[in-house]
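Grab a coffee and work through a few short exercises on one strand and its surroundings. Each has a task, then a solution in steps.

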Amino acid sequence: MGKGFFVAVGVLAAILAVTVPAQATVQDHEHYSQPISDDFTACGFSLHVEGLASGNAHNRVGKGDLDTAYFGLDNYEYSVKVTNTANGRFYTQWGNAIVRDVSATHIEGSIFQFTTVESGRPFNISDASGRVLVRDRGAIRQTYLFDTEGDHTPGGVFLELLSERVSGPHPGFFMTEDEFCALVTPLLS
């Protein structure tokens with residue numbers, strides 16, 4: 001329930017981003033600002049999340065044998081206040097990073113091996129006084145198989161994670177649901 005759960009609340013729903021080799025053509029460029037507001041239950045609490053995600057993103061399409069591979073870049077930041085609706089106690093989750101594909105290799109048909117890197121400070125938690133309790137920083141590099149479906153449009157199907165390398169401290173990334181709940185329960189009680 002830690003990082004992955006709250007990021008799924010919409011913080012990173014902006015765009016999976018990637019950067020591309022020079023032989024790619026930019027197809028889409030967007031500055032975005034997305035309000036975040038949601039109600040849900042987690043760690044035994046009824047919670048309300050309010051905040052904002054913003055950034056600058058673009059997509060590129062490869063050329064040659066990469067012509068169905070779309071690359072992007074997402075330089076994002078977000079901040080959300082997570083409030084216990086029963087008593088008003090809260091914590092803040094925030095982050096800023098750049099997500100980008102650093103390479104794509106054509107495997108066969110519409111299957112590619114991508115390497116994506118997220119670098120920066122993607123996940124942090126502060127208590128109500130502003131004291132930082134969790135600070136992830138550094139880079140996460142993932143290599144995976146992806147089917148672009150060969151249709152010359154962004155998107156496709158994630159097939160398999162081949163490797164993942166975490167550089168720098170990322171306590172939130174490795175936190176289990178139980179560890180996350182143990183951290184936030186005193187903040188929300």
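## Strand E5 and its neighbours

Twelve of the 16 residues in E5 are buried, so the rest of the structure largely encloses this strand. Keep in mind that this is a predicted model.

**Exercise 1. Find the strands that pair with E5, and give the sense of each pairing.**

Step 1: Start with E4, which pairs with E5 in the antiparallel sense over 14 bridges. One bridge to look up is alanine 97 with glycine 120 in E5. The two strands form a hairpin with two residues between them, and glycine 109 in the turn has a positive phi of about 55°.

Step 2: Go on to E7 (residues 138-147), which runs antiparallel to E5 and is joined to it by ten bridges. Here phenylalanine 112 sits opposite phenylalanine 146 of E7.

Step 3: Finish with E6 (residues 132-135), antiparallel to E5 and joined by three bridges. Isoleucine 125 has valine 134 in E6 as its bridge partner. This hairpin has five residues between the strands, and glycine 130 takes a positive phi near 100°.

**Exercise 2. Work out whether asparagine 124 is buried or exposed, and what its side chain has for polar company.**

Step 1: Place the residue: asparagine 124 belongs to strand E5 (residues 111-126).

Step 2: Check accessibility. Buried means under 20% relative accessible area; asparagine 124 has 0%, so it counts as buried.

Step 3: Look for polar atoms. A polar atom of the asparagine 124 side chain lies 3.2 Å from the backbone oxygen of arginine 121.

Step 4: List the contacts. Beyond four places in sequence, asparagine 124 touches residues including Tyr78, Trp94, Val134 and Asp136.

**Exercise 3. Locate isoleucine 125 in the largest nonpolar core.**

Step 1: This core has 24 residues, and isoleucine 125 is among those with the most contacts inside it, along with Leu47, Tyr91 and Phe180.

Step 2: Elements giving two or more residues to this core include E4, E5 and helix H3 (177-188), while E2 gives the most, with five.

Step 3: Outside its neighbours within four places in sequence, isoleucine 125 contacts residues including Tyr91, Val134, Phe180 and Leu183.

**Exercise 4. Find the partner of arginine 131 in a salt bridge.**

Step 1: The count comes to one salt bridge.

Step 2: Arginine 131 forms it with aspartate 127, with the closest N and O atoms 3.1 Å apart.

Step 3: Aspartate 127 has a relative accessible area of 10%, so it is buried.

Notes: Residues are numbered from 1 along each chain as its sequence is written. This is a predicted model: local features need pLDDT of at least 70, side-chain atom pairs count only at pLDDT 80 or more; totals for chains, interfaces and linings use all residues. Side-chain values use heavy atoms; hydrogens and water are left out. Helices (H or I, at least four residues) and strands (E, at least two) are DSSP runs, numbered from the N terminus. Buried means under 20% relative accessible area, exposed over 50%, partly exposed in between (1.4 Å probe, protein chains only). A polar contact is a pair of N or O atoms within 3.5 Å; within protein, one must be able to donate a hydrogen and the other to accept it, and residues adjacent in sequence count only if both atoms are side-chain atoms. Contact means heavy atoms within 4.5 Å. A nonpolar core is a set of buried Ala, Val, Leu, Ile, Met, Phe, Trp, Tyr and Cys residues joined through side-chain atoms within 4.5 Å. A salt bridge is a side-chain nitrogen of Lys or Arg within 4 Å of a carboxyl oxygen of Asp or Glu. Two strands pair if DSSP finds at least two bridges between them.
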